Amino acid sequence: MRRVNQAELGLIAGNRRLRLVQLYNKDAQLSQLTLIREKRAGTDTPERPPLTVDQLLGEWQGEAITLYPDLRSPDTYSTKLTIERQDSNRLIQQLTFGVGASVQTLTSSARIDGEMLHFQDGGLPVQVVLLPDGASSNCPLTIKSGHSFVLEVGWLVEPNLRQRLIRRYSDRGSWVSLTLVREQRIKRSG
């Protein structure tokens with residue numbers, strides 16, 4: 001199995017660039033997140049406030065493009081993400097993506113712990129950390145052999161506009177794909 005030691009994911013919006021580095025130690029445990037916020041020289045684009053759970057609630061529709069390491073033609077498809085509170089410290093999300101017969105729907109729930117969301121539904125426990133400047137980090141706490149996983153950076157660039165960059169890995173630790181999602185909130189929920 002290949003070992004993932006770190007991943008750097010970056011997004012651009014207007015005169016701003018946001019990069020997130022997710023570092024894993026020699027035991028394949030998440031050890032550090034580094035958020036790098038940049039703006040184009042000579043511009044005065046303000047940073048956004050820290051991301052909150054309430055800013056994510058609602059129904060989001062988007063477009064995704066997925067690139068592959070073997071340079072085959074990219075896939076483009078629609079996405080729909082619904083995030084709702086179950087109670088004061090739990091949320092549920094449902095993600096639908098794909099085209100035609102390959103449409104998939106994934107449902108998961110998370111425990112809300114301040115600025116962290118803890119997902120336990122899959123083979124690997126995953127945490128989403130809500131960060132300054134409207135950013136978020138989505139990654140497993142530990143990478144284990146035999147489990148596929150994703151690393152993701154999200155960025156709320158406007159109150160109803162979000163970007164996400166998702167890197168997928170196989171159960172052997174090989175990079176499988178990179179997906180850029182640009183989504184618009186079409187309905188709020190509270």
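**Close-up views of a predicted model**

**View 1. Strand 11 and its partner strands.** Leu 156 has Arg 162 of strand 12 standing opposite. The structure is a predicted model, in which local features need pLDDT of at least 70 and side-chain atom pairs count only at pLDDT 80 or more, while totals for chains, interfaces and linings use all residues. Residues are numbered from 1 along each chain as its sequence is written, and side-chain values use heavy atoms, with hydrogens and water left out. Strands (E, at least two residues) and helices (H or I, at least four residues) are DSSP runs numbered from the N terminus; two strands count as paired if DSSP finds at least two bridges between them. Strand 11 and strand 12 run antiparallel and are joined by nine bridges, with a hairpin of two connecting residues between the strands. Strand 10 is also antiparallel to strand 11, through four bridges; here Ala 135 has Trp 155 of strand 11 as its bridge partner. Eight of the 10 residues of strand 11 are buried, so this strand is mostly covered (buried means under 20% relative accessible area, exposed over 50%, partly exposed in between, with a 1.4 Å probe and protein chains only).

**View 2. The open sheet of strands 1, 2 and 3.** The three strands follow the order 1-2-3 with antiparallel pairing. Strand 1 and strand 3 each have a single partner strand and stand at the edges, so one side of each lacks a neighbour in the sheet. Direction ignored, neighbouring strands of this sheet are turned by 10° against each other on average (axes are lines fitted to C-alpha atoms, for helices over the stretch in contact, and angles run from 0 to 180 degrees between N-to-C directions). Strands of a sheet pair through backbone hydrogen bonds, either parallel or antiparallel.

**View 3. The two hairpins of this sheet.** Strand 1 (residues 6–13) and strand 2 (residues 16–24) are antiparallel and joined by eight bridges. Ala 13 stands opposite Arg 16 of strand 2. Two residues lie between these strands in the hairpin, and Gly 14 in the turn has a positive phi of about 60°. Between strand 2 and strand 3 (residues 30–39) there are nine bridges, again in the antiparallel sense. Tyr 24 has Leu 30 of strand 3 as its bridge partner, and Leu 18 has Arg 37. The hairpin from strand 2 to strand 3 has five residues between the strands, and Ala 28 in the turn has a positive phi of about 65°.

**View 4. Salt bridges at Arg 37, Lys 39 and Arg 72.** The whole structure contains 14 salt bridges, each being a side-chain nitrogen of Lys or Arg within 4 Å of a carboxyl oxygen of Asp or Glu. Arg 37 and Glu 47 form one of them, at 2.9 Å from N to O. This pair links distant parts of the chain: Arg 37 lies in strand 3, and Glu 47, 10 residues apart from it, lies in the loop between strand 3 and helix 1 (53–56). Arg 37 is partly exposed at 37% relative accessible area, and Glu 47 is also partly exposed at 47%. In the pair Lys 39 and Asp 44, the closest N and O atoms are 3.8 Å apart. Lys 39 is partly exposed at 45%, whereas Asp 44 is exposed at 69%. Arg 72 and Asp 70 form a salt bridge with closest N and O atoms 3.1 Å apart; Arg 72 is partly exposed at 46% and Asp 70 is exposed at 51%. Elsewhere, Glu 8, Arg 17, Arg 19 and Glu 38 are joined into one network by salt bridges that share partners.

**View 5. The nonpolar cores.** A nonpolar core is a set of buried Ala, Val, Leu, Ile, Met, Phe, Trp, Tyr and Cys residues joined through side-chain atoms within 4.5 Å. The largest has 22 residues, and Tyr 24, Phe 149, Leu 151 and Val 153 have the most contacts inside it. At least two residues of this core come from each of strand 1, strand 2, strand 10 (135–140), strand 11 (149–158) and strand 12 (161–169). Strand 11 supplies the largest share, five residues. A second, separate core of 21 residues includes Ile 83, Ala 110, Leu 117 and Leu 130.

**View 6. The surroundings of His 118.** His 118 is in strand 8 (residues 116–119) and is buried at 12% relative accessibility. Not counting residues up to four places away in sequence, His 118 touches Ser 109, Ala 110, Arg 111, Asp 113, Val 126 and Gln 127 (contact means heavy atoms within 4.5 Å).
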